[in-house]
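Trainee: Got a minute to look at a two-chain model with me? I'd like to go over the interface.

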There are 2 protein chains.
Amino acid sequence: MITVYGYRASGNCHKVRLLLDQLGRPHRWVDVDSPAGATRSPAFLALNPNGKVPVLQREDGAVLVESNAMLVWLAEGTAFLPDDAWARAQAFSWLFFEQYSHDPDVAVARFIRGWTALDDARRSTLPGLQARGHVALQLMDGHLRTSPWFTGARYGIADIALSAYTAVAEEGGYDLTPYPALRDWLARVEATPAYHAMPAPPAEVVARFAHACRSSDD
Amino acid sequence: MITVYGYRASGNCHKVRLLLDQLGRPHRWVDVDSPAGATRSPAFLALNPNGKVPVLQREDGAVLVESNAMLVWLAEGTAFLPDDAWARAQAFSWLFFEQYSHDPDVAVARFIRGWTALDDARRSTLPGLQARGHVALQLMDGHLRTSPWFTGARYGIADIALSAYTAVAEEGGYDLTPYPALRDWLARVEATPAYHAMPAPPAEVVARFAHACRSSDD
């Protein structure tokens, strides 16, 4: 059986857990409190020198890092990744887009708002991050006006990867009202068999999200 | 025959051109002067709404974006991507690492030093970018102490992706002296059949690289 080391309120970790559950694939989950620094311990760095979750480990000890590489490996030969070469290429394209043009703005804005102190200097970068994040959300909305999914003709790993942080984009200060096709897609994703939402972060994180919302309303 | 739209002094574009040439695959190359804003024209945005090069287009007009997705599509079934599922997963892992943890620091530092004005505000971000970029280079060096390549047992697309900007990292202000395994790997990459280095950027860009070097020596 495989083991996944992860933090449940991280979108990159949730992606992997959701796919495993939607595949009905048994696995062992080990909670790693990455915001508390657990990914910087010598034991964890021996597992992943990049000091990040998630980490996937096979029973023989072999390790795979990078959430989207895990999605590809787990989905190969299943309905979550197309067989057709061109459809696969498009799914891979969205997976790379997610890591380069979506996560660094949509996910990082949520991290800064929820997991840093209210006077943290990184909060000054939020307007820039959010402006770029809206470009990514707009591109997704444009795609979804003519295609129901990001993984070829049906739901699959590019949808799992892109929805993980889009579903909680509001926690990063994003208003999804201007993106109706995106909101319809999120509803379709949430209606897929065995779907479950990412668990809520700890109470102090949720409190910071609320605080930040009030501030921007002032 | 496929067409690739690209800027030759961009590592992300060079990756695709190098693989095509190493595969001996005929293609049409269309130069796009992205630093001059050519990727923001309505015609280009119709091709790629994300306004980025490279763009790959099939003869029937179908388009693929994201350089690493192109590498995967082109390499499928060739010696540049392993057949074994776990070796493929590791190659994909490095491709995602390259886009998330290498390009945003190693490539972007080179862009800022070469393509922005000497008084551009983004230059203040260079020390932070370079600190993170060194983490990526150190991780690569660590991997290369026990493995000759990033694409399983032999040279392939993860090596092409990671070497594109590593080979010109010094233009981003990086000193590669502390990474002997990395430098040996770059030499092995450069010795592969049909390898060719990325063309030099325009003279004014090269002049900015030189200026920045002098400044940091002061």
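Trainee: Let's start with charges. How many salt bridges does the rule find across the interface of chain A and chain B?

Mentor: It finds 0 across that interface. Keep in mind that this is a predicted model.

Trainee: And how many residue pairs are in polar contact there?

Mentor: The rule finds 8 such pairs across the interface, with both residues at pLDDT 80 or more.

Trainee: OK, which elements of chain A each supply at least two residues of the side that touches chain B?

Mentor: Those are β4 (63–65), α3 (67–75) and α4 (85–115) of chain A. α4(A) gives the most, with 16 residues.

Trainee: What's the residue mix on that side?

Mentor: The residues of chain A that touch chain B split into 20 nonpolar, 6 polar and 6 charged.

Trainee: How much area do chain A and chain B bury between them?

Mentor: About 2700 Å², with 67% of it on carbon and sulfur atoms. Of the area that chain A buries against chain B, Trp86(A), Phe96(A) and Tyr100(A) supply 31%, more than any other three residues.

Trainee: Switching to symmetry: what rotation superposes chain A on chain B?

Mentor: One of 180°, with 0.0 Å of shift along its axis and an RMSD of 0.0 Å. So that's the relation of a two-fold axis.

Trainee: Which C-alpha of chain A is nearest the axis?

Mentor: That of Tyr100(A), 2.9 Å from the axis.

Trainee: And what about the contact residues?

Mentor: The same surface serves both copies, as 100% of the contact residues of chain A recur in chain B. In total, 32 residues of chain A are in contact with 32 of chain B.

Conventions. Residues numbered from 1 in each chain as written. Chains lettered and ligands numbered in written order. Predicted model: local features only at pLDDT ≥ 70, side-chain atom pairs only at ≥ 80, totals over all residues. Heavy atoms only, no water. Contact = heavy atoms within 4.5 Å. Buried area = accessible area lost by both parts, 1.4 Å probe. Salt bridge = Lys/Arg side-chain N within 4 Å of Asp/Glu carboxyl O. Polar contact = N/O pair within 3.5 Å; in protein donor to acceptor, adjacent residues only side chain to side chain. Helix = DSSP H or I, 4+ residues; strand = E, 2+ residues; numbered from the N terminus. Nonpolar A, V, L, I, M, F, W, Y, C, P; charged D, E, K, R; others polar. Least-squares fit on C-alpha atoms with pLDDT ≥ 70 in both.
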